[in-house]
Amino acid sequence: MRDTWPLLQQIPFPPIRRGRLDTLQVNVGYRCNQSCVHCHVNAGPSRTEEMPGEVVDAVLAFLARKRVATLDITGGAPELNAHFRRLVTAAREMGLRVMDRCNLTILEVAGQEDLADFLAREQVEIVASMPCYLEDNVDRQRGKGVFDASIRGLQRLNALGYGRDETALVLNLVYNPQGPSLPPPQEALEADYKRVLGERYGIAFNRLYTLANMPIQRFGAILLSKGELDRYLDLLRHAHLDANLENVMCRNMISVDWRGYVYDCDFNQMLDLPFELDARGRVHLSDLIDAVIEGRPIRVAGHCYGCTAGQGSSCGGAFKQAAE
């Protein structure tokens, strides 16, 4: 797989610094039951990287000490990690908001039959990948049969109370474009999703997040192979808005890989650009328990325009300020 980093590192990006840390995003492993075209993690069934128990313990110790408000758990399919449920339960006992970045089809994987009930019982906020409300588009991007399995997963979550205004069980969906283009306006697309999924399948959800595809890992390699990378990078750069710099997710979040090493964001993790602290080498999460990171510079390069182009893009979807 061809690497886009040699090109990305040559592209300047405005300097930004950290604000107050409120979210710890933890990638518990790259193993997944799917191999999606847009995946910036290059996750799949053949990946073996998985966060071990001692690193989960380090994550919990950091959360207890720092009193971070939100634990955002991602992968791969994070639920495949042997320590996923222990991590979730312990974080919820601390009173944290816990988010699970779920691909929906994992709910039907052998051994995960009770997963939906577990997530509901722990009141975990589900952020579910659903790149379109049309079957052909979803299966083209994520594999044949994925759309039908995703619909069944959403219906099961709805039956448990997820996505209903009267419950505390939050279900948000995530949209990614099919190719090298910017996402459409989030608010209008959310209305389309709710109308189509509601009318055809009786599905309800809370919010739709629109995310731009990052020109790294599997998606970046595909762009390179098709000769489309330069055009996509130009699109991102020309759509950049300085106002979005105040809202990028890396200002208030750090990303932790399966080994416990720290990065400014999930995308930097996939590019192997470690968090920088006092000229040290690779920084482990345990090294940050007593460190002050607010105000420190964030490592940036050409891929960062994926977060500041147009209405902006983050783990929480488009930026409200830009969308308005």
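Where in the chain is the place of Leu104? This note takes up that question and others, on a model that is predicted.

1. Leu104. The residue sits in the loop between strand E3 and helix H4, the latter spanning residues 115-121. Its phi is near 75°, which is positive, and the residue is not a glycine. Most residues other than glycine have a negative phi. Is Leu104 buried or exposed? Leu104 has a relative accessible area of 0%, so it counts as buried.

2. Arg67. A second residue with a positive phi that is not a glycine is Arg67, at about 55°. Arg67 is placed in the loop between H2 and E2. Here the burial result is the opposite word: Arg67 counts as exposed because its relative accessibility is 57%, where the cut-off for exposed is over 50%. With neighbours within four places in sequence set aside, Arg67 touches Phe62 and Met94. For a sense of distance, Arg67 and Pro177 are separated by 110 residues in sequence and by 35 Å in space, taken C-alpha to C-alpha.

3. The sheet. How many strands form the open sheet, and in what order? There are eight, arranged E6-E5-E4-E3-E2-E1-E7-E8, with mixed pairing. Strand E6 (207-210) and strand E8 (262-263) are the edge strands, and each of them has a pairing on one side only. At the E6 edge, strand E5 (residues 171-175) runs parallel to E6 and is joined to E6 by four bridges. Within this pair of strands, Asn172 is opposite Arg207 of E6.

4. Helices against the sheet. Helix H2 (residues 53-66) packs on the sheet and touches three strands: E1 (23-27), E2 (70-74) and E7 (253-256). The direction of H2 makes about 175° with that of E1. Elsewhere, helix H7 (residues 186-201) lies across E5 and E6, and its angle to E6 is about 130°.

5. Strand E4. This strand covers residues 125-129, and five of its five residues are buried. In a regular strand, side chains alternate between the two faces of the sheet. In E4, Glu125, Val127 and Ser129 point one way, while Ile126 and Ala128 point the other way. Both sets are buried. E4 runs parallel to E3, with four bridges between the two strands. Ala128 in E4 is the bridge partner of Cys102.

6. Thr70. This residue belongs to strand E2. Thr70 counts as buried because its relative accessibility is 6%, and the cut-off for buried is under 20%. Which residues does Thr70 contact, apart from neighbours within four places in sequence? The contacts are Asp22, Thr23, Leu24, Arg97 and Met99.

7. Helix H9. Helix H9 (residues 229-238) has four residues named as buried: Leu229, Tyr232, Leu233 and Leu236. Viewed down the axis of H9, these residues fall within an arc of 100°, so they line one face of the helix. Asp230 and His238, on the other side of H9, are exposed. The buried residues of H9 pack against three helices, namely H1 (5-8), H8 (217-226) and H11 (305-308).

8. The largest pocket. Its volume is about 370 Å³. The lining of this pocket consists of 16 residues, and those nearest its centre are Thr23, Met249, Ser314, Cys315 and Gly316. Which strand gives the most to the lining of the largest pocket? Strand E3 (residues 97-102) does, with three residues. Thr23 also appears among the contacts of Thr70.

9. Cavities. The structure holds three cavities of 30 Å³ or more. The second largest cavity has about 110 Å³ of space. It too has 16 lining residues, and the closest to its centre are Val248, Cys250, Cys265, Cys304 and Cys307.

Terms used
Residues are numbered from 1 along each chain as its sequence is written. This is a predicted model: local features need pLDDT of at least 70, side-chain atom pairs count only at pLDDT 80 or more; totals for chains, interfaces and linings use all residues. Side-chain values use heavy atoms; hydrogens and water are left out. Two strands pair if DSSP finds at least two bridges between them. Contact means heavy atoms within 4.5 Å. Axes are lines fitted to C-alpha atoms, for helices over the stretch in contact, and angles run from 0 to 180 degrees between N-to-C directions. Buried means under 20% relative accessible area, exposed over 50%, partly exposed in between (1.4 Å probe, protein chains only). The arc is that of the directions from the helix axis to the C-beta atoms. On a 1 Å grid over the protein atoms alone, a cavity is a set of points where a 1.4 Å probe fits but cannot get out, and a pocket is an open set with protein on both sides within 12 Å along at least five of seven lines; lining residues have an atom within 4 Å of a point. Grid points are joined across faces, edges and corners, and a volume is the space filled by probe spheres set on the points.
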